[in-house]
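Please read the following walk through the chain alongside the sequence and the coordinates.

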Amino acid sequence: MFAAATRSFVEEVDVGGSLIPVSSPNDGVSALTVVVKRKRLWFWQKPKYTPTDFKLNDLLTGNPPIKPDVSESDFIKYTGTYGDKIQGNVDASFSPLQASVALEGNDSSKLQASFGGLRKEEVDMQKLLHDCKDRILDMSHCLILQAKDKPRRAFGIVKERIVTAQPCSVVEEVQQGGQCGAGLSLCGPSTPKVFLKDNASLLKDSNVTMEIPVHTPVAFALTELEIRHDGRFELCLMSDTKGGFEVDGLHQTKAVGVTGAPANDQLRQELEALGQHFHLLAALPVGTRSSLLQQLTKVLEDRRALSSLQSVLDQVCLDESTSLRDLPASESHEQTVHSILELLEPSGPAGQRAPALAALHLIVSAMDEMTDECLALLRTCCSSAALHTLELLVRHLAGEGEMPPSGGDEDVYERAERLFAAANVSLKRGGGALRVEVKQQPGQLPLVLCIAIRGLASLAR
């Protein structure tokens with residue numbers, strides 16, 4: 001709830017910038033707090049940041065301790081309200097048994113973050129650069145020893161943070177409702193008439209308010225450290241300069257994939273390189289694919305469940321010694337996450353895990369990188385017909401197939417237009433033709449959307 005509010009805040013006020021949302025009000029980030037940055041498997045994934053209990057002075061050898069100069073200024077006043085509403089109904093009848101089923105459901109959710117006036121705290125980087133000159137890190141410190149032996153880890157120190165200037169609140173309202181009616185009549189020459197009717201309804205409401213005290217961090221920015229094997233280090237002052245550890249020479253681990261903004265040709269290259277994952281999903285048994293699609297559609301309703309699933313898949317796919325049964329998900333999402341994992345859990349040893357698990361990791365990682373708006377729109381397009389149309393649009397965008405005709409289901413194309421627009425892709429219709437093109441400076445959203453669509457469409461075949 002707090003994490004969703006801060007993530008939405010950063011997406012609104014600093015899209016593509018340096019601010020990192022704080023995931024918990026318990027994260028006590030302050031000036032020069034050491035944060036561990038973990039680079040992800042796929043280049044288009046945002047890194048994960050874990051604040052530690054240490055500050056830069058705790059890792060330095062010798063004296064004197066560094067005393068940063070921190071300036072404060074008013075930032076902005078912020079109140080944001082986010083939500084979506086989904087309604088649907090299904091009516092079906094069958095003969096000659098004359099069975100009928102009617103389903104109706106509606107979900108709505110609203111998240112309101114009233115942060116009020118916010119303050120910005122910034123470290124004087126000129127003075128910090130001077131104070132760090134000729135200083136040396138204690139390479140025997142337990143935090144450094146634990147981080148440098150793991151791949152794709154880097155250190156950063158907090159140089160800026162956004163904090164609340166007054167008590168404020170985050171409010172989440174969720175309403176779920178549904179009705180089910182069923183009727184069945186059996187008629188035959190030698191059987192009596194039987195009529196069974198069942199009606200059920202479900203209504204679930206929740207309203208949670210979180211009071212946020214003054215001086216609570218909601219976002220922060222880092223400067224990364226490039227650390228040499230002898231403990232000397234440099235501050236990475238340029239945004240395109242990344243930190244890391246030097247061990248017998250500069251240690252660099254590149255993420256998988258083609259770097260750079262995904263223009264049409266790069267989309268084609270990436271989707272071609274990932275094609276085997278989509279084929280693996282499409283080759284699963286029909287029942288498994290159907291269950292996976294149903295469960296993933298359910299996960300799309302809750303960002304926290306999606307992030308929980310992604311974290312568990314990270315541990316499983318990057319550490320082959322880990323057992324699925326030994327990985328508890330967060331308590332509120334445990335049932336959903338484990339029901340998905342059990343569908344693909346192999347019976348053999350960990351080293352022979354089904355490649356389909358890696359394919360699922362790819363799809364879930366892509367969805368986890370999407371904005372809340374994209375996820376909400378994608379959730380409305382998870383029928384087989386809609387996914388088929390979306391896949392045709394993706395193939396055309398990547399130069400792999402013909403453009404589908406524009407005279408199809410009007411509702412599907414309207415939803416597709418909104419979905420692609422949310423991912424910085426333009427879908428235009430005119431003169432009986434469709435045109436799909438990537439907008440200027442789209443970031444990674446077009447690519448992750450294409451991966452998610454191709455993956456879900458593979459399950460829907």
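Two residues are in contact if they have heavy atoms within 4.5 Å. In this predicted model, residues 24 or more positions apart account for 74% of the contacts in the chain with a separation of 6 or more. Local features were taken at pLDDT of at least 70 and side-chain atom pairs at pLDDT 80 or more, while totals for chains, interfaces and linings use all residues. Numbering starts from 1 along each chain as its sequence is written, and side-chain values use heavy atoms, with hydrogens and water left out.

The chain holds 14 helices and 13 strands; these are DSSP runs numbered from the N terminus, with helices being H or I of at least four residues and strands E of at least two. Of its 461 residues, 43% count as buried, where buried means under 20% relative accessible area, exposed over 50%, and partly exposed in between (1.4 Å probe, protein chains only).

Strand 2 (residues 33-38) is a convenient place to begin. In this strand 6 of the 6 residues are buried, so strand 2 is largely enclosed by the rest of the structure. In a regular strand the side chains alternate between the two faces of the sheet. Here T33, V35 and K37 lie on one side and V34, V36 and R38 on the other, and all are buried. Strand 2 pairs with strand 3 (residues 48-55) in the antiparallel sense over 5 bridges, pairing being called when DSSP finds at least two bridges between two strands. In that pair V36 stands opposite T50. Strand 2 also pairs with strand 6 in the antiparallel sense, over 5 bridges, and there V35 stands opposite G156.

Strand 6 also takes part in lining a cavity. A cavity is a set of points, on a 1 Å grid over the protein atoms alone, where a 1.4 Å probe fits but cannot get out; lining residues have an atom within 4 Å of a point. The whole structure contains 2 cavities of 30 Å³ or more. The second largest has a volume of about 40 Å³, volume being the space filled by probe spheres set on the grid points, which are joined across faces, edges and corners. Its lining consists of S30, A31, V70, E121, V123, V158, K159, E160 and R161. Strand 5 (99-123) and strand 6 (153-164) each supply at least two of these residues, and strand 6 gives the largest share, 4 residues.

Helix 6 (residues 275-282) has G275, H277, F278 and L281 as its buried residues. Seen down the helix axis, these fall within an arc of 160°, so they line one face of helix 6; the arc is that of the directions from the axis to the C-beta atoms. On the other side of helix 6, Q276 and H279 are exposed.

Several loop residues remain. E369, in the loop between helix 10 (355-368) and helix 11 (372-379), is buried, with a relative accessible area of 8%. Leaving aside neighbours within four places in sequence, E369 is in contact with R40, W44, Q45, K46, L445 and V448. The peptide bond from N63 to P64 is cis, with omega near 0°, and P64 sits in the loop between helix 2 (56-59) and strand 4 (70-94). H215, a residue other than glycine, has a positive phi near 70°; H215 is exposed, with a relative accessible area of 54%.

Notes:
On a 1 Å grid over the protein atoms alone, a cavity is a set of points where a 1.4 Å probe fits but cannot get out, and a pocket is an open set with protein on both sides within 12 Å along at least five of seven lines; lining residues have an atom within 4 Å of a point.
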